[in-house]
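Please look over this model before we talk. My notes follow as numbered points.

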Amino acid sequence: VSGGMGAAIVLALATALCAGIGEETLIRGALQPALGIVPAAFLHGILHAQFSHAPTLIIQVAIWSCCMGIVRRFTNTTTTIIGHAGFNLVTTFLFAFNP
C-alpha cells in the first residue's frame with residue numbers, strides 16, 4: 001500500500017495489534033500473575049507517562065488497566081489482547097479523523 005488512506009489503515013491496524021499484543025503479554029501475562037491487578041495496572045499507566053498530560057493519562061490508563069485485569073482474571077490474556085487492540089484502533093481513528 002503506497003500512501004493515502006490505505007496506508008493509514010494498515011499502519012493503524014499494525015500499531016493497534018502490536019501494542020495490544022506487547023502490552024497485554026507483558027502486563028496481563030507476566031506482571032499481573034506475579035504482582036496482582038492493581039500494581040500491574042499502575043505499571044501499565046506508568047508506561048504511558050511519556051505522553052502529554054501524563055498525570056491524568058497515567059490515572060486513566062491505570063483505571064482502564066484494572067478493568068482489563070479483571071477481564072483477564074475471569075477469561076484469558078487473548079481476550080485482553082483483543083480488547084486492547086480494539087480500543088487502540090478506535091482511539092487511533094478518533095484522533096486521526098477528529099478535526
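1. A definition comes first. In this note, Ala, Val, Leu, Ile, Met, Phe, Trp, Tyr, Cys and Pro count as nonpolar. Asp, Glu, Lys and Arg count as charged. The others, Gly among them, count as polar. By that sorting, the lining of the largest pocket divides into 8 nonpolar residues, 9 polar and 1 charged. Keep in mind that the model is predicted.

2. Now the overall layout. The protein chain has 4 helices and 0 strands. Read from the N terminus, its elements run α-α-α-α. The C-alpha trace spans about 45 × 30 × 15 Å along its principal axes.

3. Next, inside and outside. The protein chain has 99 residues, and buried ones make up 27% of them. The chain exposes about 6,100 Å². Carbon and sulfur atoms supply 76% of that area.

4. Contacts along the chain deserve a check. Take the contacts with a separation of 6 or more. Residues 24 or more positions apart account for 59% of these.

5. Back to the pocket. What is the volume of the largest pocket? It is about 510 Å³. The lining has 18 residues, and the closest to the pocket centre are His48, Phe51, Phe87, Asn88 and Thr91. Four elements each give two or more residues to this lining: α1 (4-35), α2 (37-47), α3 (54-74) and α4 (77-96). Which element gives the most? That is α4, with 6 residues.

6. Helix α2 is a good one to study. Its buried residues are Ile37, Ala40, Ala41, His44 and Gly45. Why do they line one face of the helix? Seen down the axis of α2, they fall within an arc of 145 degrees, so they share one face. What covers these buried residues? The cover includes α1, α3 and α4.

7. Leucine 43 also sits in helix α2. Is leucine 43 buried, partly exposed or exposed? Its relative accessible area is 37%. Buried means under 20% and exposed means over 50%, so leucine 43 is partly exposed. Leaving aside residues up to four places away in sequence, leucine 43 touches Leu31 and Leu35. Isoleucine 70 is 27 residues from leucine 43 in sequence. Their C-alpha atoms are 16 Å apart in space.

8. Glutamine 60 belongs to helix α3. It has 49% relative accessibility. The exposed class needs over 50%, so glutamine 60 counts as partly exposed. How many residues separate glutamine 60 from isoleucine 70 in sequence? The answer is 10, and the C-alpha to C-alpha distance is 16 Å.

9. Finish in a loop. Threonine 75 lies between α3 and α4. Its relative accessible area is 42%, so threonine 75 is partly exposed. Serine 65 is 10 residues from threonine 75 along the chain. The C-alpha atoms of the two are separated by 15 Å.

10. A last look back at the helices. Helix α2 gives residues to the lining of the largest pocket. Helix α2 also holds the buried residues Ile37, Ala40, Ala41, His44 and Gly45. Find these on the structure, then find leucine 43 in the helix. Compare the classes: leucine 43 is partly exposed, whereas His44 is buried.

Conventions:
Residues are numbered from 1 along each chain as its sequence is written. This is a predicted model: local features need pLDDT of at least 70, side-chain atom pairs count only at pLDDT 80 or more; totals for chains, interfaces and linings use all residues. Side-chain values use heavy atoms; hydrogens and water are left out. On a 1 Å grid over the protein atoms alone, a cavity is a set of points where a 1.4 Å probe fits but cannot get out, and a pocket is an open set with protein on both sides within 12 Å along at least five of seven lines; lining residues have an atom within 4 Å of a point. Grid points are joined across faces, edges and corners, and a volume is the space filled by probe spheres set on the points. Buried means under 20% relative accessible area, exposed over 50%, partly exposed in between (1.4 Å probe, protein chains only). The arc is that of the directions from the helix axis to the C-beta atoms. Contact means heavy atoms within 4.5 Å. Accessible areas come from the Shrake-Rupley method with a 1.4 Å probe; for residues, only the protein chains shown count as cover.
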